[in-house]
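Colleague: I would like to go through the labels on this model one by one. Please justify each from its value.

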Amino acid sequence: MSKASDTPRSLRVAVLTYSNRRTGADDSTGDLIRAHLVAAGHGVATSAIRYGDAPLMREFLRGWLVDPAIDVVVSNGGTGVTDCMPEAAAPLIEHDIPGFATLFQVLSLEDVGSSGMLSRACAGLAGGKLLFLLPGSENGSRLAMQRLVIPQLDTTTRPCSLAGLLADE
């Protein structure tokens with residue numbers, strides 16, 4: 001575990017929307033994620049909307065994970081039962097964070113009942129960066145951002161935060 005810091009740190013976050021329908025003009029879930037990040041004092045390093053099979057998405061993620069200008073990747077969409085983002089990300093994840101998926105499932109149960117079991121939202125450390133895979137729905141991503149992601153990107157969260165695992169730059 002990483003200790004909390006007394007000093008907040010602004011992280012550089014890449015936001016990916018996995019969709020074959022969304023465009024920059026109607027990427028409401030991506031917009032919501034970016035707004036939460038900025039409101040919390042983080043920077044949006046880059047954003048993209050992409051769609052493809054697991055190998056294609058894996059290579060896209062890999063490009064961001066080796067970019068020294070990015071600390072965190074937050075992806076939305078592609079976490080449903082028949083989607084491919086968890087499979088795309090799995091070979092890139094060096095350390096799974098199973099508590100993220102567990103807590104998201106508990107929060108989803110409270111929010112949408114048993115339908116929450118259809119999401120495969122997850123998180124891990126990949127290439128020394130945090131990688132979050134969130135649902136494509138606004139409500140699901142809002143829930144994850146407000147209750148899990150934003151608090152854990154705050155280096156002052158006590159007793160510890162995932163952001164504390166990132167190397168200082």
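What follows is a run of questions about helix packing, burial and one peptide bond in a predicted model.

Colleague: Start with the helix pairs. Why are α1 and α5 called roughly parallel to each other?

Modeller: The axes of helix α1, residues 28–39, and helix α5, residues 138–153, cross at roughly 25°. Angles under 35 degrees count as roughly parallel. So α1 and α5 are roughly parallel to each other. Their axes come within 10 Å.

Colleague: Is the crossing of α1 and α5 left-handed or right-handed?

Modeller: α1 passes α5 in a right-handed crossing.

Colleague: Which residues make that contact?

Modeller: From α1, they are Ser 28, Thr 29, Leu 32, Ile 33, His 36 and Leu 37. From α5, they are Glu 138, Ser 141, Arg 142, Met 145, Gln 146, Ile 150 and Leu 153. The residues of this contact of α1 with α5 divide into six nonpolar, five polar and two charged.

Colleague: Now the other pair. What makes α4 and α5 oblique to each other?

Modeller: Their axes cross at roughly 125°. Roughly perpendicular covers 65 to 115 degrees, and roughly antiparallel needs over 145. The angle of roughly 125° fits neither class. Therefore α4 and α5 are oblique to each other. Their axes come within 10 Å, and the crossing is right-handed.

Colleague: Which residues of α4 and α5 make the contact?

Modeller: α4 contributes Phe 100, Leu 103, Phe 104, Leu 107, Ser 108 and Asp 111. α5 contributes Gly 140, Leu 143, Ala 144, Arg 147, Leu 148 and Val 149. The residues of the contact of α4 with α5 divide into eight nonpolar, two polar and two charged.

Colleague: On to single residues. How do you know that Thr 29 is buried?

Modeller: Its relative accessibility is 2%. Buried means under 20%. So Thr 29 counts as buried. Thr 29 is found in helix α1.

Colleague: What does Thr 29 touch beyond four places in sequence?

Modeller: Thr 29 touches Asn 76, Pro 135, Gly 136, Ser 137, Glu 138 and Ser 141.

Colleague: What makes the pair of Thr 29 and Glu 138 a polar contact?

Modeller: The backbone nitrogen of Glu 138 lies 3.4 Å from a polar atom of the Thr 29 side chain. The cut-off for such a pair is 3.5 Å. The value of 3.4 Å is within it.

Colleague: Why is Ser 119 called buried?

Modeller: The relative accessible area of Ser 119 is 14%. The limit is under 20%, so Ser 119 is buried. Ser 119 lies in the loop between α4 (98–112) and β5 (122–126). Leaving aside neighbours within four places in sequence, Ser 119 is in contact with Thr 79, Phe 104, Gln 105 and Pro 135. A polar atom of the Ser 119 side chain lies 3.2 Å from the backbone nitrogen of Ala 121.

Colleague: And Ala 89, why is that residue called buried?

Modeller: Ala 89 has a relative accessible area of 0%. That is under 20%, so Ala 89 is buried. The place of Ala 89 is in helix α3, residues 85–89. Beyond four places in sequence, Ala 89 is in contact with Leu 61, Leu 131 and Leu 133. Ala 89 and Arg 120 are 31 residues apart in sequence, and their C-alpha atoms are 12 Å apart.

Colleague: Why does Gln 146 count as partly exposed?

Modeller: Gln 146 has 43% relative accessibility. Buried needs under 20%, and exposed needs over 50%. Gln 146 falls in between, so it counts as partly exposed. Gln 146 lies in helix α5. Not counting residues up to four places away, Gln 146 touches His 36 and Pro 151. Gln 146 and Ile 33 are 113 residues apart in sequence and 9.6 Å apart in space, C-alpha to C-alpha.

Colleague: What makes Pro 151 partly exposed?

Modeller: The relative accessible area of Pro 151 is 28%. That lies between 20% and 50%, so Pro 151 is partly exposed. Pro 151 is found in helix α5. Among residues over four places away, Pro 151 touches Met 145, Gln 146 and Thr 157. The C-alpha atoms of Pro 151 and Ala 40 are separated by 9.1 Å, with their positions 111 residues apart along the chain.

Colleague: Last one. What kind of peptide bond joins Arg 158 and Pro 159?

Modeller: A cis peptide bond, with omega about 5°. Pro 159 lies in the segment after α5. Most peptide bonds are trans.

How values were computed: Residues are numbered from 1 along each chain as its sequence is written. This is a predicted model: local features need pLDDT of at least 70, side-chain atom pairs count only at pLDDT 80 or more; totals for chains, interfaces and linings use all residues. Side-chain values use heavy atoms; hydrogens and water are left out. Axes are lines fitted to C-alpha atoms, for helices over the stretch in contact, and angles run from 0 to 180 degrees between N-to-C directions. Helices (H or I, at least four residues) and strands (E, at least two) are DSSP runs, numbered from the N terminus. A crossing is left-handed if the near helix is turned anticlockwise from the far one by less than a right angle, and right-handed if clockwise. Contact means heavy atoms within 4.5 Å. Ala, Val, Leu, Ile, Met, Phe, Trp, Tyr, Cys and Pro count as nonpolar, Asp, Glu, Lys and Arg as charged, and the others, Gly among them, as polar. Buried means under 20% relative accessible area, exposed over 50%, partly exposed in between (1.4 Å probe, protein chains only). A polar contact is a pair of N or O atoms within 3.5 Å; within protein, one must be able to donate a hydrogen and the other to accept it, and residues adjacent in sequence count only if both atoms are side-chain atoms.
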